[in-house]
Amino acid sequence: MKGAELCLKAAYKLGRENVFGIVGGESQAIQFDEEKNINFYLTRHEFAAGIMADVYSRITDKPQMCYSTAGPGLTNLSTGVFSAIQDRSPVLVVSAQIPKAEIFFNETHQCLDNVGFMKTITKYATEIDDVMKIPEILTTALNIAVNGIPGPVYISFPWDIMKIEVEETKAQEMLNNLQPIVKKLPPAPDYKKLDLIIEKIIAAKHPLILAGNQVIREESCSQLLKLVNATNIPVMSTICSKGVIPENHPLCLTSANKYIDKIYLQSLTGKVFADCDLLLLIGYDIGEDAKPSLWNANKIETIVVNSFYNDVSKVFQPSMLCLGGLSKSLEYLCNANIAPKIISDSAKVAKKSLDDKVIGDNGEAKFLESIMDSIRNALGEHGILCVDVGLHKLYAALFSKTYHPNTFISSGVCSTFGFGLPAGLGIKLAMPHERVCVVCGDGGFHSTSQDIETAIRYNIPIVIVLLNDNSFGMIKCCQFIARDDVFSQSVELGKVDFVKLANANGMDAKLITDALELENAINDAFKKNVSLLIEVPITYPYQLIAQTV
């Protein structure tokens, strides 16, 4: 048995089911059909492979594998890997390396310091130097990927090691000893600290909860909802944790981010936090773009309750940090018989504006609101909305109601441009029975549009709603913040006929300008279980957004 086959069979024995990637010249050494139980998905670009593995792994909590050839294959893949480390996705990343005898970094053909390059964006990075260590290396890597704060791990696989033969009996013996990786339970909570937290909650007049994505990762949403119902404490999610409690719940305020006031064209954030005297950051991760600048960090006492926590003391230091199993911590707080709290009048005013989507009489903003409503209506409560990076993401995050965990997926921490299409493909493969709709801007979409063909080739039925303003809309807004006009050459793009582009790749497509027609078209595609691209010309209220305080 060759080293390459041993690697694939070991990966399967350890619980891997899918590989996303592109093979290079080493294909004479590694054949992905040597393990029949692993599905290989050939993408048009390595970036797409990385994102598909990132999102599939994130929503299933089961690490999948992405693969590239050496050199530029790995550098292309690395953006997807960086997305995975920032959005806490447990991914197994493998790439080829040139034969060991030829390795001279940056000198020989496609020779990169793979491990040095990947070490900074993974939890673990190593190179196989002994074919007999392959099962051990994979086991170590995958245990690191899933435990603690999850994230990607990387293995560099030299071409010559791939081809080394292992005696069949010995190979089978090593494989027989492998079992699927099981994630360890987090440590027990610090109950003495939880008692102190209970005292602080009881003493607080208007506490507020900000819930992060760790609540979803640990399947603790029901415990959070129980705590919210018992204490009457209002809750905000991050964009990453939308759906952590249903957004039609009377105590759910909004998904917290610094753009609330700009998208609603009025000051609401100040009202949410005006009377807050205790902020409970549950499952909190500062990378989810809910930073201390959102609230007045100097005036509000902050308590982090989480299973794991990365120290970012130079950026944010909570008043108290309580670590240990999140589900058990939440259960303990639920059982404390905390008297229900009274929501402050200012928070009530903010919630009414947020619930009613009060955005003034701006027609452009109202059209964007109606687009997001139409998409969610077609998806239903359980359908999954996947959002690329750009100005449209903020409208989706604030206007599209989310009712269940992992039904709103975005590149939350990394904000990876071009994320939408490959992420949608990964989601649909992971959740084949759910409706999946991708919302993209024209800039992000066209950076990965070649993988429309991947969707068609593998018959992955997704709906793509492409909001086209022929520009990098978010960057245009940023320019308007600093000046009265924009440098058009840096933000405005040429016109592309995306309907023809989709058709050329085998996907049905249409141009739509009416929100009701949009909802009907999406519903029709879902009922027929086919892929569809819908281009919607839009104009953002750039200057209004930029000028809103």
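**A tour of strand S15 and lysine 2**

Begin by selecting valine 387 together with valine 439, a residue of strand S15, because the two stand opposite each other. As you look at this pair, keep in mind that the model is a predicted one.

Next, widen the selection to residues 384-387, which make up strand S13, and to strand S15, and you will find that the two strands run parallel and are joined by four bridges. On the other pairing of S15, select residues 463-468, which form strand S16; here five bridges join S16 to S15, and these strands also run parallel. To see one matched pair in this second set, pick valine 438, whose bridge partner in S16 is isoleucine 464.

Now show S15 by itself, residues 436-441, and ask how many of its six residues are buried. Six of the six are, so that the strand is mostly covered, given that buried means under 20% relative accessible area. In a regular strand the side chains alternate between the two faces of the sheet. In S15, Val436, Val438 and Cys440 lie on one side, while Cys437, Val439 and Gly441 lie on the other, and both faces are covered.

For the last stop, go to lysine 2, in the segment before helix H1, which spans 3-13. Is this lysine buried or exposed? Lysine 2 counts as buried because its relative accessibility is 17%, and the limit is under 20%. Select glutamate 34 as well, and you can trace a polar contact of 3.3 Å between the side chains of the two residues. Leaving aside residues up to four places away in sequence, lysine 2 also touches others, including Gln28, Ala29, Met162 and Ile164.

Definitions and conventions. Residues numbered from 1 in each chain as written. Predicted model: local features only at pLDDT ≥ 70, side-chain atom pairs only at ≥ 80, totals over all residues. Heavy atoms only, no water. Buried < 20%, exposed > 50% of the residue type's maximum accessible area, 1.4 Å probe, protein only. Polar contact = N/O pair within 3.5 Å; in protein donor to acceptor, adjacent residues only side chain to side chain. Contact = heavy atoms within 4.5 Å.
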